[in-house]
Every structure is written in C-alpha cells, then in structure tokens.
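Student: I would like a close look at a single part of this model, followed by what lies around that part. Please keep the account plain.

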Amino acid sequence: MIDDQIKQAINNASLVGITSHIRPDGDAVGSVLALGLALEKAGKKVEMVLHSGVSNTFRHLAGTELVKRSFNADCDLYIVVDCSDLQRSGGVLNDHQADIVIDHHITNKGFGRINLIDPSAVASCAILAEHMPAWGLTIDEPVASALLSGIISDSIGFRTSNTSARSLRIAADLMDKGADITRLYNKALISKPFESINYWGFGLAKLQREDTLVWTSLSLEDRKNAGYRDEDDADLTNILSSIEDIDIAILFIEQNANHVKVSWRARPGLDVASIAASLGGGGHPPAAGADLEGTLPEVQEKILQLTREYLNEIKIQANNSNKSRETE
Ligand SMILES: [Mn+2]
C-alpha cells in the first residue's frame, strides 16, 4: 500500500531531491547514497544534499562526490531519510514540503506527505533494503555497500539492543549483492585518523563521574588543538557508553560560541530520547541528541540538571515498585 504510493511518486518524478540530517552519521549518508544511486540507475535525475557534507569516514562509498550542501534546482519530489524532523535537515528544503519521509527514529512524527516510519528497524538503511525492490529500484553492489555501511554504523556493529535476526538477514542479503562487510565495518567503526584519537584524548582527560552518570566535553579549542576537521564527536560518545555500571553517558560538543551539541547514551531500559525531544532534539531511547543555544558551561549545567532529575525519577519509580512488591 505505502510501497505503491512511493513507487507511484517516484515514477511521476523526473528530478528527485534527497536529504537527511545535519552532521550525518553512517545511516544518513548510506540512506542518501543508496537511494540516490538506485534512482539514477532507474533513469531519474537526482540531487543528493547533506547540509554538513560527508565526513571522511564515509568518503570511500560510491557517489559521495555527488553530494552537495544545498539544492541547486527545484525538484519534483523531495525524499527525507533518517531525519526525525525537518529542522534537523539544516533548512535545506527551504519552503518545500517533504514528500516522502523514510525513518526509524521513534521521535519522528511523520512530517511528510507519505511517511514510511518503522521504529523497530535497526537503521533507515535496513528499511530501504527491505522496501527498495518494491519501488522498482535495484540494489547493486554500490547501493548494497551504502546500505550495509548504514546498518553497521547505526547498530554500532550489530551491538545495539535492537539488533535482530531480521537485521542480520538483511545484512546477509546485502553481502550476497556484493557488499564487503569486513571492509565496510573497518571503515565505519574501527579505522580512525590520528587526529580523531588525539581529539578523544582531550575529551577523556576531562571525563567526570557522579554516581551512575558520566560526562565530558569537546570544546572548539580541543578540536583545534587535536587538528580534528569534522564537526562530529569522532565517535567518542560510543567510547563513553562502554564504561561499565553506568546508566547515562553525556558528551557536550561545542559547535560555536553560542551553540552546543549534546549526545546521550543510556543503558537499555532508559529513555534519553524523551529528554532530547523535550529540548527540540531526537533519537532513540538508548541514544539521542539535541542542539542547544548557549555557551558550553551554560548548556552543560542545564543538561546535567535535567538528566539528574530524570535519573532520580527512575530511581524513585524503581524503589516504589520494589516496595509495592514487598507489601504484596
Ligand atoms: Mn539512523
């Protein structure tokens, strides 16, 4: 049904615009490239746009040289992938409506004319892998590689709690189509430039712990000193989330003098997406983010306070349910 609507919309379009969120991760890049390359192969003209460009981590994927930072022309059809709300695209659509929204973020309310949103999917790339054939699009080796790269990235190498037999079967199918899992895994998650590890060092040197909460920050000064060029966290958040006996890890990344990106990671069962969403951000229950106005110390204080309050509520709830169990 929804597949027919999407197929129809694609068939009717000659110039298709595709975009995703700012500071795109592997799933955002993979989704844009997979869809863009497959649509080109199907004879469509395509504009692929990522407001922040493509980070070096994913430059090895086919088609990244075609990705622009803004739309040059008015497209007949705009597809927004892996992006929980329109604002997170960085404003690249201007006044255009999102025609098709494809996403797996639970916080996505469906801001498109046609919405394909599956929060159970491990990645937006997994949704695309399952649905693209029904839209008449072919998954060849470059498309399969982009999709598998996105799945590997968003599942942190099949380690997130939503990793399922279904997601592994999708990955296996993409391998059958020529995607080299060893190479893609290494590129997406293991191999890092010297500057990234150096950048981690600045963040790790400031690591703080308070009970089951850990946090640190990366300032503009740190980025400069480390010689790190991208605007993302160089995956330091995932390192923080590997600390044992922790409920929540937070990373504050200074973007400019009055703008800080906040990244949360939480143990399974907690929901940091709810905190992020209350601040205009988004994400998944165990991994979420938000962009906030303010200086690094201001944002840090505010967010730590909100996160402490959330953790206290969780502890009170847990105590209450223990008590009611005792009195039963
Ligand atoms: Mn994703």
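What is the strand order in the open sheet of six strands, and which kind of pairing does the sheet have?

Tutor: The model is a predicted one. In the open sheet, the six strands follow the order β7-β8-β9-β10-β12-β11, and the pairing is mixed. The edges are formed by β7 (208–210) and β11 (282–284); each has a single partner strand, so one side of each is left without a neighbour in the sheet. From one strand to the next, the twist averages 20°.

Within this sheet, β9 (residues 248–256) and β10 (residues 259–266) run antiparallel and are joined by eight bridges. In this pair, I250 of β9 has W264 in β10 standing opposite.

A salt bridge is found beside these two strands. The side chains of D247 and R267 meet at 2.4 Å, N to O. D247 lies in the loop between α9 (236–240) and β9, while R267 lies in the loop between β10 and α10 (272–278), so the salt bridge ties together parts that are 20 residues apart in sequence. The two partners can be described by their accessibility: D247 is buried, because its relative accessible area of 11% is under 20%, whereas R267 counts as partly exposed at 35%.

Another salt bridge involves the loop that follows the edge strand β7. There, D211 pairs with K315, and the closest N and O atoms are 3.1 Å apart. D211 is in the loop between β7 and β8 (213–218), and K315 is in helix α11 (residues 296–327), 104 residues apart, so the pair links distant parts of the chain. D211 counts as exposed, with 54% relative accessibility, and K315 is partly exposed at 33%.

The count of salt bridges in the model comes to 11. Among them is the one between R166 and D118, at 3.1 Å from N to O. R166 belongs to helix α5 (residues 165–176) and D118 to the loop between β6 (114–117) and α3; they are 48 residues apart. R166 is partly exposed, its relative accessible area being 33%.

Helix α3 (residues 124–131) also packs with helix α2 (residues 26–41): their axes come within 8 Å and cross at roughly 25°, which makes the two helices roughly parallel. D27, G30, S31 and L35 of α2 make the contact with S124, C125 and L128 of α3. Of these contact residues, three are nonpolar, three polar and one charged.

Technical notes: Residues are numbered from 1 along each chain as its sequence is written. This is a predicted model: local features need pLDDT of at least 70, side-chain atom pairs count only at pLDDT 80 or more; totals for chains, interfaces and linings use all residues. Side-chain values use heavy atoms; hydrogens and water are left out. Two strands pair if DSSP finds at least two bridges between them. Helices (H or I, at least four residues) and strands (E, at least two) are DSSP runs, numbered from the N terminus. Axes are lines fitted to C-alpha atoms, for helices over the stretch in contact, and angles run from 0 to 180 degrees between N-to-C directions. Angles under 35 degrees count as roughly parallel, over 145 as roughly antiparallel, 65 to 115 as roughly perpendicular and the rest as oblique. Contact means heavy atoms within 4.5 Å. Ala, Val, Leu, Ile, Met, Phe, Trp, Tyr, Cys and Pro count as nonpolar, Asp, Glu, Lys and Arg as charged, and the others, Gly among them, as polar. A salt bridge is a side-chain nitrogen of Lys or Arg within 4 Å of a carboxyl oxygen of Asp or Glu. Buried means under 20% relative accessible area, exposed over 50%, partly exposed in between (1.4 Å probe, protein chains only).
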